[in-house]
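Thanks for sharing this one. Here are my notes, set out as numbered points to read beside the model.

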Amino acid sequence: MIVFTTTLQKFGQQGEKTGWTYIAISAALAKKLKDEKKSFRVKGKIDDHVIKGVAVLPMGGGDFILPVNGEMRKGIRKQKGAVVQVQLEVDTTEIIPPEELIECLKDEPGALAKFNSITKGHQNYFTKWINSAKTEETKARCIAHTINFLAKGKDFGEMLRTLKKEKGETGV
């Protein structure tokens, strides 16, 4: 486990990361967690807010960032420029797709083939998005979108961008 104090930062123009709030993790700190050059999941706390299954993303030179999404910012009640206490360790908990998604994938061979062809990390994007649904109706819509886009050979990012363009939201 690593423990450190840092300041919340926010990207200006940074491609797909534009506007993201994040915590910078130096190469030295990241190496104490896991000697890795690619993304991996962590759990722990930001201040008193518990986090789990959150991906840290490589930024080059061994440095990483931990994106701090809206739910996390709400939990810590802080924004860009605020100082936070961070405790992190590698999260090895397996993320299991919902049973309903698996059943639907069995009925759509093209979607199943696409799902099985993407990395576990990318499968997790779909799983986490579906599991974040607050109602059964929303969960069903998320599963339907997932199946439809996978059947078209689209990945998670393409799905979200298309849904946002079409509906002005993330499709939920």
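The points below cover confidence, helix packing, one residue in a helix, and the cysteines.

1. This is a predicted model, in which local features need pLDDT of at least 70, side-chain atom pairs count only at pLDDT 80 or more, and totals for chains, interfaces and linings use all residues. Residues are numbered from 1 along each chain as its sequence is written, and side-chain values use heavy atoms, with hydrogens and water left out.

2. On confidence, the protein averages a pLDDT of 92, and 97% of the residues score at least 70 (pLDDT is the predictor's confidence in each residue, from 0 to 100). Among the elements, strand S7 (residues 83-90) has the highest mean, 98, and helix H7 (residues 156-167) the lowest, 89. Helices (H or I, at least four residues) and strands (E, at least two) are DSSP runs, numbered from the N terminus.

3. Helix H3 (residues 99-107) packs on helix H4 (residues 109-117) at an angle of about 120°, the axes being 5 Å apart. Axes are lines fitted to C-alpha atoms, for helices over the stretch in contact, and angles run from 0 to 180 degrees between N-to-C directions. H3 is therefore oblique to H4 (under 35 degrees is roughly parallel, over 145 roughly antiparallel, 65 to 115 roughly perpendicular, and the rest oblique). H3 contributes Leu 101, Leu 105 and Asp 107 to the contact, and H4 contributes Pro 109, Ala 111, Leu 112 and Phe 115; contact means heavy atoms within 4.5 Å. Six of these residues are nonpolar, none is polar and one is charged (Ala, Val, Leu, Ile, Met, Phe, Trp, Tyr, Cys and Pro count as nonpolar, Asp, Glu, Lys and Arg as charged, and the others, Gly among them, as polar).

4. H4 also packs with helix H6 (residues 136-151), at about 85° and with axes 7 Å apart, so H4 is roughly perpendicular to H6. Here Gly 110, Ala 111, Lys 114 and Phe 115 of H4 meet Ile 147, Leu 150 and Ala 151 of H6. This contact divides into five nonpolar residues, one polar and one charged.

5. Leu 29 sits in helix H1 (residues 27-33). Leaving aside residues up to four places away in sequence, Leu 29 touches Ile 2 and Phe 4. The C-alpha atoms of Leu 29 and Ile 2 are 7.2 Å apart, with their positions 27 residues apart along the chain.

6. How many disulfides does the structure hold? Zero, a disulfide being a pair of cysteine sulfur atoms within 2.5 Å. For Cys 104, the nearest cysteine sulfur is that of Cys 142, 12 Å away. Cys 104 is partly exposed at 32% relative accessibility, whereas Cys 142 is buried at 0% (buried is under 20% relative accessible area, exposed over 50%, partly exposed in between, with a 1.4 Å probe and protein chains only).
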